[in-house]
Every structure is written in structure tokens, then in C-alpha cells.
There are 2 protein chains.
Amino acid sequence: MSSVTSTLPATPLPAPRMAADERRESILAAATAVFGAKSYAGTTTDDVARAAGVSQPYVVRLFGTKQKLFLAVLDRTVGKLLAAFRASMAGDAETQPTRMGEAYLGLLSERGLLQSLSAAFLLGGDPEIGPAARAHFADVWRFLRTEAGMGAETAHLFLSQGMLINTLVGLRVGTEYGANSGMTELFDLCVPDKVDVILAQIPTATEPW
Amino acid sequence: MSSVTSTLPATPLPAPRMAADERRESILAAATAVFGAKSYAGTTTDDVARAAGVSQPYVVRLFGTKQKLFLAVLDRTVGKLLAAFRASMAGDAETQPTRMGEAYLGLLSERGLLQSLSAAFLLGGDPEIGPAARAHFADVWRFLRTEAGMGAETAHLFLSQGMLINTLVGLRVGTEYGANSGMTELFDLCVPDKVDVILAQIPTATEPW
DNA sequence: GTCTATACTGAGATAGAC
DNA sequence: GTCTATCTCAGTATAGAC
């Protein structure tokens, strides 16, 4: 009915060129968010690509395989985790556990970071991911016991509580529960005086992926 | 070269007829193991079928969709969890937390039970699984606080430690780590005097799926 | 450095026989 | 109650252009 030129197919503007390292990092960040939300197998390389604003084959091109991408995400995540812990270690020994706890909560501000970790920790049976996940977990444990100087008991409690926090965030408890349902009580114990901060980090709407 | 009758194609013996309920339960058990090992998205209905010794379409036929199967697994799992807790409640109040902890550890003897739960707890963002997972989690919390009469602090600690145990099992820590690596220390704190029992529950070899 | 086109495979689900 | 055959789509990965 009308001219051909008027029905423009909206050229899907190619992503602007970027230094490889920069692009790599932005894809890792996107992948972290998506893996965190949909777990390893539930994530497609296309999800990641769209979250990062690049094409699906390019994601594969840069990282080789989806699995390698996931392993790269893991490395980066644990690196950030330990870095955050180390950064929190200045100050007097008395309040250190508290500060480390807060450092941990700070990591919630990166979408999917802790949930990607949790996802990896469930894949111990995978022949490639499993060993990597165990190694990373052991690194964290060793860090707490040696570098951070925590006693076994303290480190145990610290880790436990971290895992529960991960669970609550993975469950998206904040999005669905109101002030009732008893969950708020638990939330308060897990992240005292930080409920609002935490809730803000949880994705509320449907994501692009 | 030889007679036709001698090269038997090994008729893949059809599963013996079973009452629907019985078959349903055996598929649920198989599905629990597989979902626990490979997470929701990583599990195929064919994995489950083979673990249960039936055909893939039959699994779908009985449960409608993979998702419904997973939700059924969740129901069953939480049912077993609460049942085990309730069963442990007889006796004096003093040692009750200990007995509940032991009841929890007892659940490790069913392959994948706690790991399926953990997997579900990571899928809070899923439009159908998320709400179900939150509801189940809330049920457990309410149980601890009301029926089991735990204080908020106690319940919090109890849950935390449960989540860490789930993590360790999901990681298959026992399979890969020997007496070194520091993990044994943590293991001992998580499941005192039960290390061997726990390790025995962790699948060691390649499974049929 | 990044894309389009496409080959290939795997997996959920349906149809219908026994 | 259970299977075989099969349709169909989604998703990883490759080839090759720009």
C-alpha cells in the first residue's frame, strides 16, 4: 500500500566499538546478572548477549563457550569477594567481623554476584564446574581462617549466615512479601538495619532477558 | 552372516506395570535425585525418565510438564522435611534443637532432596517457581517459629547452618577433598561426628543420568 | 571488533499404538 | 499403564562478511 522506504526495519544499531578488555568486562557483568537470575543451565548465551547489548555469536567468540564464560564469571566474582573482604580489614580487630559482614552486604549491589556463586556451589557434580567451584569455596574458607584471622567457629558462623543471605536474595523474598508473613523478622536478623538497602537491590520488574 | 534371530536387539523391556501412585512416587524420587544434581534447567525429562526406568514421554504424560514435575518434587520435599522435623519433636525441650539438627542431617540420605530445595531457592525470579519456592520457605520458617517454638535468633541460626550444609553437599566437598585442604575442619563443625555418614551419601561415581 | 546467516543438536511435548 | 515415533523449537557454535 505504501512506499517501501517508509517501512524502515529499524537497523539494530551495531554496538559501538570498544577495547576488548572493556567489552569483556561489560559482558562479564551482564553474564553475572543473568547467571545469577537464571542459574547456569537456565541462562542462554543470547540472554547474556542481549543484556550486554551485543550479538550472541560475539559472546561465544569472546569466551569460547558458555561454560568458559561461566567459569570466567566465577573467577571474577570470587576476586571481587576477596577484594571486598580485604578492603574491609583495616581498623581494630574488635569490630572486624562486623565490617566484613558489611562488606559482604555491599556485594549485593552488584546484581547476581552472590547468586552466581550460589548457583556454582550447587553444581559440584559437574565435571568441569564442580572442581572450580570447590577450589573457589576453599579459597574463601582459607582466606577467612588465615588472612582474616577468624577462628574456625567464627568463620563457620560467618559463612553460614552468608549462605542464608544468598538464599533470601535468590528467593527474591523482598519482592513478594510485604510486612506480614513473618519473613520480615528473618530479614531483619540477617541484614539488620539494612532491609531497605537490600530490597532495593532485588530486581523488581521483568528484565530485558 | 548369521541367523536373524540370534542378533537380538535386546528388547528394552518395558517397565512392569505399576499402580499410578506407586509409579508417580518412584518418578518423583528419581526426579529429586536428578534435579538435585543438575538443578532445574540442567535436568532433562529424559534424565529423569532413565533414572526412573521409564520412557521420557511417560514422565511428561504423568506430570504434564517438566515444570509441574519440579513443583511436585518441591511439595514432596518440603512435606518430608516438615515431617522429619515433627517426628523429632518428641522428648524434652532442652535437647530439641539438637534433635532437629539430626533430623535435618537424616534427610541427606535421600539423594538430592536438600539440593533440589536449594535449587528452587535460587529461582525466585521465575514467575511460577519463584512464588512456590517463597511459599515453601515461609512455611519452614513459620514451622520453626511456631510449631517448633524456636525463638527468632535460634531459628535464624538453625536455618543458616542448614543452608551451609546444603552448600557443602551441593559442592560435593567430600568427593574431591581429602583430609587436607582445610575443608575437613569446616565439615566437622557443620556435621559434628557425622562426617563419614555424610560422605557416604554423596554420589561418588557417574550416575546413570 | 562486531555482525548476519546458518548448521547442528538437544530437548519438551504430542499422537497414537499396544 | 506404558511405549515408539515424531514434530518443533530453542540454543550453541561456526563461517565468513564488514
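A residue is near a molecule or strand if one of its heavy atoms lies within 4 Å of it. The exercises below concern a predicted model, in which local features need pLDDT of at least 70 and side-chain atom pairs count only at pLDDT 80 or more, while totals for chains, interfaces and linings use all residues. Residues are numbered from 1 along each chain as its sequence is written, chains are lettered from A and ligands numbered from 1 in the order in which they are written, and side-chain values use heavy atoms, with hydrogens and water left out.

**Exercise 1. The surface near DNA strand C**

Task: State which residues come nearest to DNA strand C, and describe the surface near the strand by element and class.

Solution.
Step 1. There are 22 residues around DNA strand C, and M18(A), A20(A), S55(A), Y58(A) and T45(B) come nearest. Of the atoms of the strand that come within 4 Å of the protein, 60% belong to sugar and phosphate.

Step 2. Next come the polar contacts (pairs of N or O atoms within 3.5 Å; within protein, one must be able to donate a hydrogen and the other to accept it, and residues adjacent in sequence count only if both atoms are side-chain atoms). From a phosphate oxygen of DNA strand C, a backbone N or O atom of M18(A) is 2.8 Å away. For Y58(A), a polar side-chain atom lies 2.6 Å from a phosphate oxygen of this strand. Chain B contributes T45(B), with a backbone N or O atom 2.8 Å from a phosphate oxygen of DNA strand C.

Step 3. Elements are assigned as DSSP runs, numbered from the N terminus: helices are H or I of at least four residues, and strands are E of at least two. Helix 1 and helix 3 (56-63) of chain A, with helix 2 (45-52) and helix 3 (56-63) of chain B, each give at least two residues to the surface near DNA strand C.

Step 4. Classes are assigned as follows: Ala, Val, Leu, Ile, Met, Phe, Trp, Tyr, Cys and Pro are nonpolar, Asp, Glu, Lys and Arg are charged, and the others, Gly among them, are polar. This surface has 10 nonpolar, six polar and six charged residues.

**Exercise 2. The surface near DNA strand D**

Task: Carry out the analysis for DNA strand D, beginning with the residues that come nearest.

Solution.
Step 1. Around DNA strand D there are 23 residues, of which T45(A), A20(B), R23(B), S55(B) and Y58(B) come nearest. Sugar and phosphate supply 61% of the strand's atoms that come within 4 Å of the protein.

Step 2. A backbone N or O atom of P16(B) is 3.0 Å from a phosphate oxygen of DNA strand D. M18(B) places a polar backbone atom 2.9 Å from a phosphate oxygen of the strand, and Y58(B) places a side-chain N or O atom 2.6 Å from a phosphate oxygen.

Step 3. Two or more residues of this surface come from each of helix 2 (45-52) and helix 3 of chain A, and helix 1 (20-42) and helix 3 of chain B. By class, the residues divide into 11 nonpolar, six polar and six charged.

**Exercise 3. The interface of chain A and chain B**

Task: Describe the interface of chain A and chain B by contacts, buried area and salt bridges.

Solution.
Step 1. With contact taken as heavy atoms within 4.5 Å, 44 residues of chain A meet 44 residues of chain B.

Step 2. Buried area is the accessible area (1.4 Å probe) that two parts lose on being put together, summed over both. Here it is about 3,800 Å², with 70% from carbon and sulfur atoms. L122(A), R134(A) and L171(A) supply 19% of the area that chain A buries against chain B, more than any other three residues.

Step 3. Two salt bridges (a side-chain nitrogen of Lys or Arg within 4 Å of a carboxyl oxygen of Asp or Glu) are found across the interface. One of them joins R145(A) to E185(B), with the closest N and O atoms 2.6 Å apart.

Step 4. Between the chains, 12 residue pairs are in polar contact, both residues at pLDDT 80 or more. Helix 8 of chain A gives the largest share of the side that touches chain B, 13 residues. That side of chain A has 24 nonpolar, 13 polar and seven charged residues.

**Exercise 4. The environment of D47(B)**

Task: Decide whether D47(B) is buried or exposed, and name its contacts.

Solution.
Step 1. D47(B) is in helix 2 of chain B.

Step 2. D47(B) counts as buried because its relative accessibility is 6%; the class requires under 20% relative accessible area, exposed means over 50%, and partly exposed lies in between (1.4 Å probe, protein chains only).

Step 3. Not counting residues up to four places away in sequence, D47(B) touches V34(B), K38(B), G42(B) and W209(B).
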